[in-house]
Amino acid sequence: MPYPKAHPLTRRLLQRPRRKRPKQRKRHPLRFSPYAWAKLIYLRDRGPTEVGGFGITEAADPKFVTDIVLIKQTCTDVTVVFDDAAVADFFDDQIDAGRHPEQFGRIWIHTHPGFSARPSQVDVETFARVFGNCDWAVMFILARNGATYAELKRAGSPKTEKLSVGIDFKPEFAASNQSAWEAEYLQSVREELLPPLWDQPDWFDEEFAYSEQWPVFPT
Ligand SMILES: [Zn+2]
């Protein structure tokens, strides 16, 4: 017996107006190449601390991260402090390589060794202060368990926009390069051993003061 042309239920479904999707999602998700994602996971899992760096993108696709560059940094399991001179060198090197700041200085990436990708208060303050002059910037956090957090901020707007995050397998991507990633990790990441609490009763305040050493990046 032939199927009826339209099942009554289907017809009813078709006639029903489409339900509107919630508005905030997310026209331009933050995407990673498989290479960049694999490298970030390698660096995240290499040591016990947070690690941080910048996402590198192509000019035509500023929310598609194709590489991640670590900055020389001092890390604990709850903080990353970039070395000022290393940030300046990174900017110079990238400009020399022919990139624009939109391609290397707008996507701030760091990992959380714990199970939450939620930005800390220091993260929020750092993002606002350091990237405040940029026309736009993204803060991206990847936690040990794979949880992600991505937030877009535009200059002149007090509001931030949550971004969805994905891996884009469609464009060609480079093969893994663990030995280079290892070298970059060893060159960039210095683990800071926290002094025992009883030696330095105000260490927690000092920890927060570290983030004040962050430079404001050129726009
Ligand atoms: Zn953080």
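**Figure 1. An open sheet of 8 strands in a predicted model.** Reading across the sheet, the strand order is β9-β8-β7-β6-β2-β3-β1-β10, and the pairing is mixed. The two edges belong to β9 (160-162) and β10 (165-167), each with a single partner strand, so each has one side left without a neighbour in the sheet. Ignore direction, and neighbouring strands here are turned by 30 degrees against each other on average. As a reminder, strands of a sheet pair through backbone hydrogen bonds, in either a parallel or an antiparallel way.

**Figure 2. Zooming in on the β7 and β8 pair.** Strand β7 covers residues 136-143 and strand β8 covers residues 148-154. The two run antiparallel and are joined over 7 bridges. If you want one bridge to look for, take W136, whose partner in β8 is R154.

**Figure 3. Helix α2 and what covers it.** This helix has 13 residues, and its first and last C-alpha atoms are 18 Å apart, close to the 18 Å expected at 1.5 Å a residue. Its buried residues are A36, W37, A38, K39, L40, L43 and R44. Among the elements covering those buried residues are the strands β1 (30-32), β3 (61-70), β6 (107-112), β7 and β10. Helix α6 is also part of the cover.

**Figure 4. Where α2 meets α6.** The axes of α2 (residues 34-46) and α6 (residues 178-188) come within 10 Å and cross at roughly 45 degrees. That angle makes the two helices oblique to each other, and their crossing is right-handed. On the α2 side, the contact is made by K39, Y42, L43 and R46; α6 brings Q178, W181 and Y185. Two of these names also turn up in the previous view: K39 and L43 are among the buried residues of α2. For anyone checking the spacing along a helix, an α-helix has 3.6 residues a turn, so residues three or four places apart point the same way.

**Figure 5. Helix α3 and the glycine just after it.** Helix α3 takes in residues 84-96, 13 residues in total. At 1.5 Å a residue it should span 18 Å, and its end C-alpha atoms are 19 Å apart, which agrees. Just past α3 sits G98, with a positive phi of about 90 degrees.

**Figure 6. Pulling back to the whole chain.** The secondary structure adds up to 7 helices and 11 strands. Of the 219 residues in the chain, 28% are buried. Take the contacts between residues at least 6 apart in sequence, and 71% of them join residues at least 24 apart.

Note on methods
Residues are numbered from 1 along each chain as its sequence is written. This is a predicted model: local features need pLDDT of at least 70, side-chain atom pairs count only at pLDDT 80 or more; totals for chains, interfaces and linings use all residues. Helices (H or I, at least four residues) and strands (E, at least two) are DSSP runs, numbered from the N terminus. The expected span of a helix is 1.5 Å times one less than its number of residues. Two strands pair if DSSP finds at least two bridges between them. Axes are lines fitted to C-alpha atoms, for helices over the stretch in contact, and angles run from 0 to 180 degrees between N-to-C directions. A residue is buried if 20 or more other C-beta atoms lie within 10 Å of its own, exposed if 12 or fewer, and partly exposed in between; C-beta atoms are placed from the backbone. Two residues are in contact if their C-beta atoms, placed from the backbone, lie within 7 Å. Angles under 35 degrees count as roughly parallel, over 145 as roughly antiparallel, 65 to 115 as roughly perpendicular and the rest as oblique. A crossing is left-handed if the near helix is turned anticlockwise from the far one by less than a right angle, and right-handed if clockwise.
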